[in-house]
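Here's a fold to go through together, one label at a time. Have a look at it first, then we'll ask what earns each label.

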Amino acid sequence: MICALASSVCFGAASVLQAMGARATTPGTGGGVDIALMWRVLRQWRYLAGLCADGLGFVLQIVALRTLPIYVVGAALAASLAVTAVIASRVLRVRLSRVEWTAVGVVCAGLALLALASGKEGHEEGPGWLPWALLASAFGVLLLGVVGGRLPAKPRALVLGLGAGFGFGVVEVAVRLIDAIDLADPVWYALLVGGGAAFVLLTSALQRGSVTTATAGAVLGETVGPAIIGVVWLGDTTREGLGWLAVTGFAIAVAGSLTLARFGEPPETEGRPTETGPATRAGAGAEGAGAGGAGTGSAPGPASGPGHDHGTGPDRGQDGS
C-alpha cells in the first residue's frame with residue numbers, strides 16, 4: 001500500500017512540476033504539437049524533475065501491482081488527482097472550492113477504507129485466453145481512437161478519454177501477468193501497444209476536447225475494468241466479511257477523484273490570459289509540453305487540478321479543438 005500511495009504522490013507532484021516548467025517556457029506560434037516548444041520545455045529543470053517523478057511513480061506502480069490487488073492500486077492512482085490539487089493549491093496558488101477540498105478528503109477516506117478491507121494479491125494466472133484478450137483489447141484501443149477522433153467535440157473527449165483509460169488498464173493487468181521476459185508472450189505486446197495507444201488517445205483528448213470529460217473517462221476506464229479482472233480471474237480478494245467495505249471504499253475514492261477531474265487541464269503559457277491546471281499522469285509527458293503553445297497540451301497549468309482544470313477562474317471544460 002505504501003508503494004501505491006507513493007506512486008500516487010509521485011504522479012501528482014510530477015503534474016505540478018511540469019506545469020511550472022511549461023509556464024516558464026516561451027510560447028510557440030503555431031497550433032498543434034510544437035516540436036521547438038517541446039525542446040524548450042525539456043530544458044526547464046522543473047519539467048525534467050517532473051519526468052523523473054513520473055518514472056519513479058511508474059516503478060512504484062509496478063511494485064504495487066505485484067503485491068496488492070489491482071483494485072487497490074487503481075484507486076490509489078486515481079487519487080493522484082487529489083495530490084495534484086493539494087500541491088497546486090500551495091505551489092501554484094490555485095484556489096480550491098469547498099467542494100474540491102471535500103473531494104480531497106473523500107478520496108483519502110475511500111483509500112483508508114480500501115486499506116482496511118483489502119486482502120492479499122491474487123496469484124492466479126487467469127484463463128489461457130486472457131493474454132490474447134489483453135492484446136486484442138490493446139489494438140481495440142487504437143481502433144477506438146480512430147473512431148472517436150471523428151466524433152463531435154463532446155462525445156469525442158469522452159470516448160478518447162475512456163479509450164485511454166482502457167489502455168492504461170491493459171497495462172495494469174499485463175504487469176500482473178508478466179513472469180519473465182518472453183518475446184513470445186502476447187502480454188508483453190499488450191503492455192507496449194496498450195500503453196502507447198493510451199498515451200496517444202489521452203493526449204489527443206486533452207488537445208481536442210473537454211479536458212474534464214476526458215480525464216473523468218480515463219479515470220473510469222483505468223480503474224473499474226482492471227479491478228473486475230483482478231477479482232474474477234486473478235484471485236484478488238478482500239478480508240473475510242469486508243467485501244462490502246472494499247467496494248464502498250473503491251467507489252468513494254473514484255467518485256472523489258472524478259470530482260477533481262478538471263485538474264487534468266493543460267496549462268496556458270505565461271502571458272496568456274487564462275489559467276489552467278496540472279495534467280494527468282498520462283498526459284503530463286512531452287506531448288503535453290509540445291501542445292502547450294496552443295493551450296492544448298496535457299502538461300499541467302496553474303489553475304486546474306494521473307490524474308486538472310481547477311482554475312482561479314471559471315471551470316474551463318471547453319472544447320480545445
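Q: Before we start, what kind of model is this?
A: It's a predicted model, so keep that in mind throughout.

Q: What makes up the chain, going by its helices and strands?
A: Twelve helices and zero strands. Read from the N terminus, the elements go α-α-α-α-α-α-α-α-α-α-α-α.

Q: How much of the chain is buried, and what supplies the area it exposes?
A: Of the 321 residues, 56% are buried. About 12800 Å² is exposed, and carbon and sulfur atoms supply 68% of that.

Q: Where does S89 sit, and why is it called buried?
A: S89 is part of helix α5, which covers residues 80-91. Its relative accessible area is 12%, and buried means under 20%, so S89 gets the label.

Q: What does the side chain of S89 have for polar company, and how do you know that it counts as a polar contact?
A: A polar atom of the S89 side chain lies 2.5 Å from the backbone oxygen of V86. The cut-off for such a pair is 3.5 Å, and 2.5 Å falls within it.

Q: Which residues does S89 touch, leaving out those up to four places away in sequence?
A: V94, L96 and W101.

Q: What makes α3 and α8 oblique to each other?
A: The axes of α3 (residues 45-65) and α8 (residues 153-177) cross at roughly 60 degrees. Roughly parallel needs an angle under 35 degrees, and roughly perpendicular runs from 65 to 115. An angle of roughly 60 degrees fits neither, so the pair is oblique. The two axes come within 9 Å. On the α3 side the contact is made by Q61, I62 and L65, and on the α8 side by E172, V175 and R176. The crossing of α3 and α8 is right-handed.

Q: Why is α6 called roughly antiparallel to α11?
A: The axes of α6 (residues 98-117) and α11 (residues 243-259) cross at roughly 155 degrees and come within 7 Å. Angles over 145 degrees count as roughly antiparallel, so α6 and α11 earn that name. Their crossing is left-handed.

Q: Which residues meet where α6 and α11 pack?
A: From α6, the list includes V99, A103, V106, G110 and L114. From α11, L245, G249, F250, I252 and G256 are among them.

Note on methods:
Residues are numbered from 1 along each chain as its sequence is written. This is a predicted model: local features need pLDDT of at least 70, side-chain atom pairs count only at pLDDT 80 or more; totals for chains, interfaces and linings use all residues. Side-chain values use heavy atoms; hydrogens and water are left out. Helices (H or I, at least four residues) and strands (E, at least two) are DSSP runs, numbered from the N terminus. Buried means under 20% relative accessible area, exposed over 50%, partly exposed in between (1.4 Å probe, protein chains only). A polar contact is a pair of N or O atoms within 3.5 Å; within protein, one must be able to donate a hydrogen and the other to accept it, and residues adjacent in sequence count only if both atoms are side-chain atoms. Contact means heavy atoms within 4.5 Å. Accessible areas come from the Shrake-Rupley method with a 1.4 Å probe; for residues, only the protein chains shown count as cover. Axes are lines fitted to C-alpha atoms, for helices over the stretch in contact, and angles run from 0 to 180 degrees between N-to-C directions. A crossing is left-handed if the near helix is turned anticlockwise from the far one by less than a right angle, and right-handed if clockwise.
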